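Here is a short note to read with the model open beside you. Take the points in order, and find each residue as it comes up.

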Amino acid sequence: MVGSMADGNKNKNGTAKEAAASAHERFRDLAHAEHRELRDILLALYDAFDKHDVKRAAKLHGELCGHTGPHFRYEEETLHLLLEPVLGKVQVEHLNREHDRAIVDAIYIGRLTAESSLDENTARQGKRLVRRILPHVADCDGLSVIVETIPEAEVETILAARETALAENIPLLDWAATERPRSFRDTYQRDYYATRRQAQGYG
């Protein structure tokens, strides 16, 4: 009973503190926690590929898609749009293209982890794909500094969009296939042909 009362008081105090915090502070803390969690999932996934542990890699791939689905959704639907007056259309398009690439990489990771085992080649491919996603996590975490410059009401809009995305909880690849207005295919094709040109000595 004492423990329950203490927990209740702790929850009340926590709620009061959250209410007192500004929207900017809440966004900063929530976004940083999300990016830290995503970083840890990716590092664990890299380790699973490194150790050829296909079962663990498959489980972590599920966690990756579960985490990034709502996260990418509220970023694209609200955050990126509200940052466009500050960052400009070109940079916002860059952020969306990074999401395109992460979606493609997640598809490939899913194919690798669907195998019965990981040989040296597939493990190496998996590690390379994980390393391609990691820099975006760091870059995206820095957006909180830019969010500090926009009005409080707009940050509340971002937080509300986040809550909606979390409540609907659509995994990344399902969202990309059914709900996302933007297709990742244009970025994939552009990257594919650019890589081919470089391989042929034109880049």
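**Notes on a predicted helical model**

1. Let us start in a loop. Asn169 sits in the loop that joins helix H7 (152-168) to helix H8 (172-178). Please keep in mind throughout that this is a predicted model. The phi angle of Asn169 is positive, near 50°, although the residue is something other than glycine. Is Asn169 buried, partly exposed or exposed? Its relative accessibility is 47%, so Asn169 counts as partly exposed, a class that stops at 50%.

2. A second loop residue deserves a look as well. His52 belongs to the loop between H2 and H3. His52 has a positive phi too, of about 60°, and is not a glycine. With a relative accessible area of 29%, His52 is partly exposed, because that value falls between the 20% and 50% limits.

3. Now step back to the whole chain. The protein has nine helices and zero strands, so its pattern along the sequence is α-α-α-α-α-α-α-α-α. Of its 203 residues, 38% are buried. Take the contacts between residues at least 6 apart in sequence: 83% of them join residues at least 24 apart.

4. Next, the interior. The largest nonpolar core holds 18 residues, and those touching the most other members are Leu42, Leu45, Phe49, Leu64, Ile109 and Val130. Which helices each supply at least two residues of this core? They are helix H2 (23-50), helix H3 (54-87), helix H4 (89-113) and helix H5 (120-141). H2 contributes the most, with seven residues.

5. Ile109 is a good place to zoom in on that core. Setting aside residues up to four places away in sequence, Ile109 touches Leu45, Phe49, His61, Leu64, Leu129, Val130 and Ile133. There is also a second, separate core of 16 residues, and Leu79, Val147, Val155 and Leu159 are among them.

6. Helix H5 is worth tracing from end to end. With 22 residues at 1.5 Å a residue, H5 should span 32 Å, and its end C-alpha atoms are indeed 32 Å apart, so the two values agree. The buried residues of H5 are Thr122, Ala123, Gly126, Lys127, Leu129, Val130, Ile133, His136, Val137 and Cys140. These buried residues pack against H2, H3, H4 and H6.

7. Ala106 offers a view from H4, the helix in which it lies. Its relative accessibility is 1%, so Ala106 counts as buried, the limit being under 20%. Beyond its neighbours within four places in sequence, Ala106 contacts His61, Cys65, Leu172 and Leu173. The C-alpha atoms of Ala106 and Ile133 are 9.0 Å apart, with their positions 27 residues apart along the chain.

8. What about empty space inside? Rolling a probe the size of a water molecule over the atoms shows where such space is left. How many cavities of 30 Å³ or more are there? The count is two. The largest cavity encloses about 40 Å³. Its lining is made of Phe27, Ala31, His35, Tyr74, Glu75, Leu79, Cys140, Leu143 and Ser144. By class, that lining has six nonpolar residues, two polar and one charged. H2, H3 and helix H6 (143-147) each give at least two residues to the lining of this cavity.

9. The second largest cavity has a volume of about 30 Å³. Leu64, Thr68, Phe72, Ala102, Ala106, Ile133 and Leu172 line this second cavity. H3 and H4 are the elements that give two or more residues to its lining, and H3 gives the most, with three. Six of the lining residues are nonpolar, one is polar and none is charged.

10. To finish, try following a few residues from one point to another. Leu64 is listed among the core residues that touch the most other members, and Leu64 also lines the second largest cavity. Cys140 is one of the buried residues of H5, and Cys140 helps to line the largest cavity. Leu79 belongs to the second core, and Leu79 too is in the lining of the largest cavity. Ile133 is buried in H5, touches Ile109 and lines the second largest cavity.

Technical notes. Residues numbered from 1 in each chain as written. Predicted model: local features only at pLDDT ≥ 70, side-chain atom pairs only at ≥ 80, totals over all residues. Heavy atoms only, no water. Core = buried A, V, L, I, M, F, W, Y, C linked by side-chain atoms within 4.5 Å. Buried < 20%, exposed > 50% of the residue type's maximum accessible area, 1.4 Å probe, protein only. Helix = DSSP H or I, 4+ residues; strand = E, 2+ residues; numbered from the N terminus. Contact = heavy atoms within 4.5 Å. 1 Å grid on protein atoms, 1.4 Å probe; cavity = no way out; pocket = protein on both sides within 12 Å on 5 of 7 lines; lining within 4 Å. Points joined across faces, edges and corners; volume = space filled by probe spheres on them. Nonpolar A, V, L, I, M, F, W, Y, C, P; charged D, E, K, R; others polar. Expected span 1.5 Å × (residues − 1).
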